[in-house]
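Here are some worked exercises to try with the model open beside you. Take each task on its own, then compare your steps with the solution.

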Amino acid sequence: MKSFAYQKPASAQAAVGMVDPMSAAGQGGAFLAGGTTVLDLMKLHVLTPDSLTDVKTLLPAGIEERDGALYVGAGTTMAAAAEHPAFRDRAPALSDALWKAASPQLRNVATLGGNVLQRTRCPYFRDVASACNKREPGSGCAATEGVNRLLAVLGTSEDCIATYAGDWANALILFDTQVEVTGPEGDRTIAFEDLHTLPGDTPAVETTLGDADLITGYLIDLPDWAWRSVYTKVRDRESYAFAVASAAVALDMEEDTIREARIGLGGVATVPWRARAAEDYLAGKTLTEETGLEAGRIAFADARGWGHNDFKIPLGQQTILRGLMEAAALTREGTQ
Amino acid sequence: MAKTPGGTNREGPRVSRRGLLQGSVASGAAALGNFAGGAAQAQADAQATGSTTPTVSFSINGKTQTATLDARTTLLDYLREDLDLTGTKVGCNHAQCGACTVLIDGARVNSCLTLMATLEGSEVTTIEGISDEGELHPMQQAFIDNDGFQCGYCTPGQIMSAIGCVREGHAGSAPEIREYMSGNLCRCGAYKGIVAAVEQARDQVEEAG
């Protein structure tokens with residue numbers, strides 16, 4: 001990898017002042033926490049920061065009740081969060097999405113601040129010899145007519161069809177979540193649903209964060225029925241693989257009738273994806289295979305396949321059905 | 001991917017790999033002795049402003065040491081190229097295969113994606129550090145007893161990961177072991193024996209803590 005300077009400031013606020021922002025071309029500085037994305041991409045020369053500012057031990061770690069919501073420090077590791085009773089008991093989808101992601105070794109170091117900012121696994125983004133508008137704006141997209149089996153069918157543009165690779169964000173988006181950010185202008189919060197941006201004609205821009213902004217934590221407002229939530233993940237192998245399609249589902253039910261459904265999708269979209277039209281359809285319905293599949297059809301009504309990934313449209317529909325059925329089958333006693 | 005350079009504490013340019021490194025490590029150790037003389041303040045200054053050659057103190061298999069290294073140096077490279085601890089293996093070098101698994105402060109991690117610069121004050125345990133005065137660790141013995149390998153290349157990483165798996169409390173059943181050992185690939189396909197080995201050693205490793 002390219003040479004860089006390592007620096008470890010005394011506080012998160014000091015880190016913001018030192019980071020020397022990374023430009024779209026991958027120059028400048030970058031934050032380092034778990035490093036599982038940054039170092040991987042530096043070894044590939046996809047990222048070539050001049051400096052790494054180590055914030056791992058500067059970020060709050062842990063999960064606690066705060067103002068009636070659940071506060072999650074950005075320095076909490078995936079492993080610690082996956083095991084935390086607050087997730088497992090009150091919103092299993094938030095735990096499932098973590099232990100079904102990456103490997104135990106990666107989860108021991110990767111933090112939840114970096115997790116939602118994980119970069120795409122699009123093979124053309126990761127290969128510096130390929131055209132990629134996300135990595136090198138204006139160079140074109142090798143994926144639209146390339147090997148695109150694992151790429152997105154929702155939220156795409158002619159300029160980029162890169163899949164959002166993470167899992168946890170697709171579950172987090174079910175709940176009203178405020179992202180706490182510290183930046184050059186001080187502290188502020190961003191609604192989680194507003195954090196990621198569609199590729200459009202500027203795929204190199206992935207979030208509404210500024211270059212020197214640092215996520216320090218999340219405040220999650222969990223409804224008391226969030227215990228009925230799951231993260232259903234379909235993969236090419238049973239464990240340690242990115243989602244081909246996934247569905248985070250939370251259901252508020254009365255007997256067999258759905259009061260409210262929330263559905264997040266992964267593996268199929270360019271950003272963490274909330275399927276609101278499908279949710280609206282399900283409100284007041286009895287959950288059956290028919291209504292579940294119809295919800296799936298609605299969620300993928302605007303989907304566009306790019307050839308190799310056409311199968312993700314029916315697969316995604318079925319994944320929603322499966323997630324709905326798995327969530328409905330949970331019992332209060334059945335959760336841990 | 002180009003291999004990252006090793007420590008700048010080594011005298012002279014690198015000529016080749018392991019054979020010649022035996023001598024280099026010795027000279028590196030001498031340089032370390034000199035460096036440890038008064039580096040604390042320089043280290044603090046350098047880290048506040050950023051350094052391409054940070055200085056870091058850490059312990060590996062119980063031995064405390066200080067080194068000034070190229071910031072790019074990974075723990076995996078340092079173990080193999082500078083300390084000649086070649087039990088930890090290079091597989092994919094991208095945290096996809098688990099061959100490089102070691103314990104840092106008791107937790108299993110991929111050493112290929114761990115920068116030495118981040119290890120200030122950390123305790124690293126490698127496959128070379130788990131046996132007790134020549135007696136195999138129960139997990140090592142269990143891999144032998146259960147044919148938990150064929151070629152053996154992934155085995156050090158499997159064993160370190162298995163110890164972590166048990167300590168994390170995720171070795172309760174064969175399906176749980178399979179899920180929580182999924183970060184370690186075995187191209188020979190010795191997975192049946194690996195699961196059996198973890199089950200065999202589980203109680204002893206739990207007792208040892």
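**Exercise 1. Work out how strand 11 of chain A is placed and paired.**

Step 1. Start with burial, where buried means under 20% relative accessible area, exposed over 50% and partly exposed in between, with a 1.4 Å probe and protein chains only. Seven of the 10 residues of strand 11 (residues 257-266) of chain A are buried, so this strand is largely enclosed by the rest of the structure. Helices (H or I, at least four residues) and strands (E, at least two) are DSSP runs, numbered from the N terminus.

Before going on, a word on conventions: this is a predicted model, in which local features need pLDDT of at least 70 and side-chain atom pairs count only at pLDDT 80 or more, while totals for chains, interfaces and linings use all residues. Residues are numbered from 1 along each chain as its sequence is written, chains are lettered from A and ligands numbered from 1 in the order in which they are written, and side-chain values use heavy atoms, with hydrogens and water left out.

Step 2. Look for partners; two strands pair if DSSP finds at least two bridges between them. Strand 10 (residues 245-254) of chain A runs antiparallel to strand 11 of chain A and is joined to it by nine bridges. Within this pairing, Asp252(A) is found opposite Glu260(A).

Step 3. Check the turn. Two residues separate the strands in the hairpin of strand 10 and strand 11 of chain A, and Glu255(A) has a positive phi near 55 degrees there.

Step 4. Turn to the other partner. Strand 12 (residues 273-274) of chain A is antiparallel to strand 11 of chain A, with two bridges between them, and Gly264(A) has Arg274(A) as its bridge partner. This hairpin has six residues between its strands, and Gly267(A) in the turn has a positive phi of about 80 degrees.

**Exercise 2. Which side chain does Glu254(A) meet in a salt bridge?**

Step 1. Apply the rule: a side-chain nitrogen of Lys or Arg within 4 Å of a carboxyl oxygen of Asp or Glu. Glu254(A) meets Arg259(A), at 3.2 Å from N to O.

Step 2. Add the accessibilities. Glu254(A) is partly exposed at 45%, and Arg259(A) is partly exposed at 46%.

Step 3. Widen the search. Asp40(A), Arg121(A) and Arg126(A) belong to one network of salt bridges that share partners. Over all chains, the count comes to 22 salt bridges.

**Exercise 3. What does the salt bridge between Arg276(A) and Glu193(A) tie together?**

Step 1. Take the distance: these two side chains meet at 2.7 Å, N to O.

Step 2. Place each end. Arg276(A) lies in helix 9 (residues 276-282) of chain A and Glu193(A) in the loop between strand 7 and strand 8 (214-221) of chain A, so the pair links parts that are 83 residues apart in sequence.

Step 3. Check exposure. Arg276(A), at 39% relative accessibility, is partly exposed, as is Glu193(A) at 37%.

**Exercise 4. Find the strand order of the open five-stranded sheet in chain A.**

Step 1. Read across the sheet: the order is 4-5-8-6-7, with antiparallel pairing.

Step 2. Name the edges. Strand 4 (63-66) and strand 7 (186-191) of chain A each pair on one side only.

Step 3. Inspect one pair. Strand 6 (residues 176-183) of chain A is joined to strand 7 of chain A by six bridges, and Val181(A) stands opposite Arg188(A).

**Exercise 5. Where does the largest nonpolar core lie?**

Step 1. Define the core: buried Ala, Val, Leu, Ile, Met, Phe, Trp, Tyr and Cys residues joined through side-chain atoms within 4.5 Å. The largest has 52 residues, and Phe87(A), Leu94(A), Trp168(A), Tyr218(A) and Ile220(A) have the most contacts inside it.

Step 2. Locate the core. Domain 1 (5-54) and domain 2 (229-329) of chain A both contribute residues, so the core lies between them; the domain bounds come from an automatic or database assignment.

Step 3. Look for another. A second, separate core of 32 residues includes Val46(A), Leu52(A), Leu151(A) and Leu76(B).

**Exercise 6. Are the two faces of strand 3 of chain B covered or open?**

Step 1. Recall the pattern: in a regular strand the side chains alternate between the two faces of the sheet.

Step 2. Check each face of strand 3 (residues 101-104) of chain B. Both are covered, with Thr101(B) and Leu103(B) buried on one side and Val102(B) and Ile104(B) buried on the other.
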